[in-house]
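Colleague: I should be grateful for a short guided discussion of the structure shown here. May we proceed by question and answer?

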Amino acid sequence: MKFVAYERAKQGTGASRRLRITGKTPGIVYGGDTQPQLIEIDHNALWHALKKEAFHSSILEMDLAGAVTKVLLRDVQYHPFRQLVQHIDFQRVDAKTRMNMKVPLHFKGEEESDAVKLDHNLVNHVMTELEINCLPSDLPEFIEIDLSGLKKNATLHVNDIKLPKGVKFVSHGKTNPVIVSAVPPLVSEEPAPAAEGAAAEGAAAAAAAGKPAAKTAKKK
């Protein structure tokens with residue numbers, strides 16, 4: 001994806017506030033052998049771009065003063081309650097340096113699996129994204145996971161999936177976490193019939209047989 005940024009001369013709280021009033025979002029680009037650079041981006045264009053999954057998980061092309069630089073989105077600061085992006089950070093990409101990045105998980109085949117189709121299990125997506133380490137050229141936009149082979153009460157771990165070429169999982173202490181689990185549905189127990197209901201059923205059965213219903217003894 002490509003976006004347009006502009007050089008920003010002034011910094012500070014007051015300057016950023018005035019910039020937002022004019023419909024621009026302040027930001028910064030850092031990393032590589034170049035000094036951090038202040039930028040500004042059209043807010044409406046940025047707001048719509050942030051709604052796209054690829055803007056968060058793929059290498060972006062930033063057009064700044066006619067020069068295109070490959071960058072990654074690293075941080076977004078939103079207003080607490082207004083639809084407003086207050087600040088945004090990008091990191092320059094070095095083609096020869098491995099990097100850590102979180103990419104979304106896309107699931108398919110869930111409804112065709114035995115766990116769902118035959119055993120009516122509920123499929124719980126424990127993880128919706130995966131942090132990986134790779135070269136920029138190997139960065140996938142997303143990782144697709146086929147759940148069509150999922151069995152009753154089964155769990156799917158990171159080691160059970162095949163990662164794209166050149167991609168490694170970043171564990172952070174959990175070497176083989178659960179990605180998906182199939183769990184049986186909760187079954188609610190029906191309450192026992194009331195005594196009055198049982199008596200009514202007895203009366204109906206006696207009437208059908210042509211016999212008077214038994215009288216309930218009265219308490220003295």
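**Strands, a helix and two cores**

Colleague: In which sense do strand β8 (residues 122–125) and strand β13 (residues 178–183) pair?

Modeller: Helices (H or I, at least four residues) and strands (E, at least two) are DSSP runs, numbered from the N terminus, and two strands pair if DSSP finds at least two bridges between them. The model is predicted: local features need pLDDT of at least 70, side-chain atom pairs count only at pLDDT 80 or more, and totals for chains, interfaces and linings use all residues. Residues are numbered from 1 along each chain as its sequence is written, and side-chain values use heavy atoms, with hydrogens and water left out. Over four bridges, β8 and β13 pair in a sense that is antiparallel.

Colleague: Which residue of β13 stands opposite Leu156?

Modeller: Strand β11 (residues 155–157) and β13 pair in the antiparallel sense over three bridges. His125 stands opposite Val180 in β13. The residue of β13 opposite Leu156 is likewise Val180.

Colleague: Why do the buried residues of α2 line one face of the helix?

Modeller: Buried means under 20% relative accessible area, with exposed over 50% and partly exposed in between (1.4 Å probe, protein chains only). In helix α2 (residues 43–50), the buried residues are His43, Leu46, Trp47, Ala49 and Leu50. They line one face because, seen down the axis of α2, they fall within an arc (taken from the directions from the helix axis to the C-beta atoms) of 165°.

Colleague: Which are the edge strands of the open sheet with the order β10-β7-β9-β12?

Modeller: This open sheet of four strands has mixed pairing. Within it, strand β9 (residues 129–134) and β12 pair in the antiparallel sense over two bridges, and Asn133 stands opposite Lys168 in β12. Two strands each pair on one side only, and these edge strands are β10 (143–146) and β12 (168–169).

Colleague: Which element gives the most to the largest nonpolar core?

Modeller: A nonpolar core is a set of buried Ala, Val, Leu, Ile, Met, Phe, Trp, Tyr and Cys residues joined through side-chain atoms within 4.5 Å. The largest has 25 residues, and those with the most contacts inside it are Leu130, Ile132, Leu139, Ile145 and Ile179. At least two residues each come from β7 (99–108), α4 (114–117), β9, β10 and β13. With four residues, the element that gives the most is β7.

Colleague: How many residues does the second, separate core have?

Modeller: Among the members of this second core are Ala5, Leu46, Val85 and Ile88. Leu46 is also one of the buried residues of α2. The number of residues in the second core is 19.
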